[in-house]
Amino acid sequence: MKLNKQDILKALETITVVGEGQNMVESGAVTNVVTFGDEVIVDITIKNPSLQAKKRTEVDILKTIHEQVYEKAKITINVKVDAPAKPKANVIKGNPIPGIQNIVAVASGKGGVGKSTVTSNLAVTLAKMGFKVGVLDADIYGPSIPIMFDVEAEKPLAVNINGKSKMKPVENYGVKVLSIGFFTQPNQAVVWRGPMAAKALNQMIFDAHWGELDFMLIDLPPGTGDIHLSIMQSLPITGAVVVSTPQNVALADARKGVAMFQQESIDVPVLGIIENMAYFTPEELPNNKYYIFGKEGAKNLAEDINVPFLGEIPLVQSIREAGDVGRPAALQTATPLEQAFEKLAQNVVQEVVNRNENLPPTEAIKITTMAGCSAVKKK
C-alpha cells in the first residue's frame, strides 16, 4: 500500500503532545513527514526531556498510524528533545551590604598555608594604596585576624544607625576588622555546629556598620564545607582567591578549593591563585633562594586549571614575627616584602577590575539540593 502524507498528518492531529494542550501538528512539534510506499518517517521535536515523554510520544504515533492509516505501515520516528533552558534554581538575588563595592573571599584547600597572613597583609597593602578596606574573619574555629592586627584585646562598640543598634568594626592600620575572636576568651574553644556558626557570621555581616568599603576581604576557614556555603549564601561574592604552598599535598587541596567555587551550583569567579612560602630567604643571605616546599607548584597549577597566577610570597622569618606581634609585614617600608605584597595587591585589583568588566555581578547562592555538596566535574 502506498501511504499518503496528508493521511499521516491527519492522524497525527488526533494526538496531543505530552504535557501540552495542542496536537502534534498544530503545535509545530511534527517538523517533517516523509512517505515511501508503505514506509513513513516522522520527525518530531518535544520540549519534555524525560524518557517517559519520549517513549509515550513514540508509542502514540505508532499506535495511531497503525489504527487510522495502515496497520502494516513501517514507521520510523525521530524524536528530538528541545527543552527550554532551566532557570538556575539555586541562584537568587542576594542582599549586598550597602556601601561595599567588592567582596573577595580568601580561601585555601588546607590549613597551615598562611591564608590569614596573606589576608592581613593584602588588606593593609590595599589600605596603603588608598582603598577603603574591611576584613571579616570567617574562620570561626580558629580566628587569628585579631592577633595579626594587634587588636586581640579590643571589643566592637555599638553605634546607632537609623534607629538600629549596629556593631562598629574594630579598626587598625586603616582596616576595619570583625572576628568571632572579639567575642570569645583567648582560652575558649568555639564548639558550635554549623547553624550556630552561620548565625554568628550573619550577625557580623549584616548587624555591623561597615560604612563605605572598596574591598571586603573574607578570611575563610580551610577546606570546603558548611561555613563556605553559609558565606556564599549570605553574600554576593565578587571573586575568590586561593592560597597554596608549592608542595603537592597543598596543591591537591588547592585544586579542590578552586573546584568548589567553580561548581555550577556555586559559580563564584576565581580571581587567581597565590603561592605562599614560595621559597626561603635567610636574612643574612638575602639573594639566596631555597625552595623548601618545591618550586612554582602553585604557578603551574594556575596554568593547568586556567586561572590567573597572582604572585608569590617568600618564606621569611620577619613575616611570621610581624604577624605574631600584630604588625603585618607589608607595613615594612622599602623592603622586598613590601614590594611582593604590593605586586600581589595590584594583581588582585586588576583581576577584580577585569572580572567586573567582563562578567555580570555575582549573586548570593541558594543551595536547594545536595548539589552544593556534590563532586561536580567542571569542564
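**Exercise 1.** Classify Ser116 as buried or exposed from its relative accessibility, and place the residue in this predicted model.

*Solution.* The relative accessibility of Ser116 is 9%. Buried means under 20% relative accessible area. Ser116 therefore counts as buried. As to its place, Ser116 belongs to helix H3, which covers residues 115-128. Beyond its neighbours within four places in sequence, Ser116 is in contact with Ser144, Ile145, Met148 and Asp219.

**Exercise 2.** Determine where Val106 lies, how its accessibility is classed, and which residues it contacts beyond its neighbours within four places in sequence.

*Solution.* Val106 is located in strand E4, residues 100-107. Its relative accessibility is 1%, so Val106 counts as buried. With those sequence neighbours left aside, the contacts of Val106 are Lys115, Thr119, Ile218, Asp219, Leu220, Val241 and Val243. Asp219 thus appears in the contact list of Val106 and also in that of Ser116. A further spatial relation concerns Ala138: between Val106 and Ala138 the C-alpha to C-alpha distance is 9.9 Å, with a separation of 32 residues in sequence.

**Exercise 3.** Identify the nonpolar surface patch that includes Leu285, and state the position and accessibility class of Leu285.

*Solution.* The patch consists of Leu285, Tyr290 and Ile292. Together these residues have about 280 Å² of accessible area. Leu285 itself sits in the loop that runs between strand E12 (270-280) and helix H8 (297-304). Partly exposed is the class between under 20% and over 50% relative accessible area. Leu285 has a relative accessibility of 37% and therefore counts as partly exposed.

Methods. Residues numbered from 1 in each chain as written. Predicted model: local features only at pLDDT ≥ 70, side-chain atom pairs only at ≥ 80, totals over all residues. Heavy atoms only, no water. Patch = residues over 30% accessible without salt bridge, like charges linked within 9 Å, V, L, I, M, F, W, Y side chains within 5 Å. Areas by Shrake-Rupley, 256 points an atom, 1.4 Å probe, with all protein chains shown as cover. Salt bridge = Lys/Arg side-chain N within 4 Å of Asp/Glu carboxyl O. Helix = DSSP H or I, 4+ residues; strand = E, 2+ residues; numbered from the N terminus. Buried < 20%, exposed > 50% of the residue type's maximum accessible area, 1.4 Å probe, protein only. Contact = heavy atoms within 4.5 Å.
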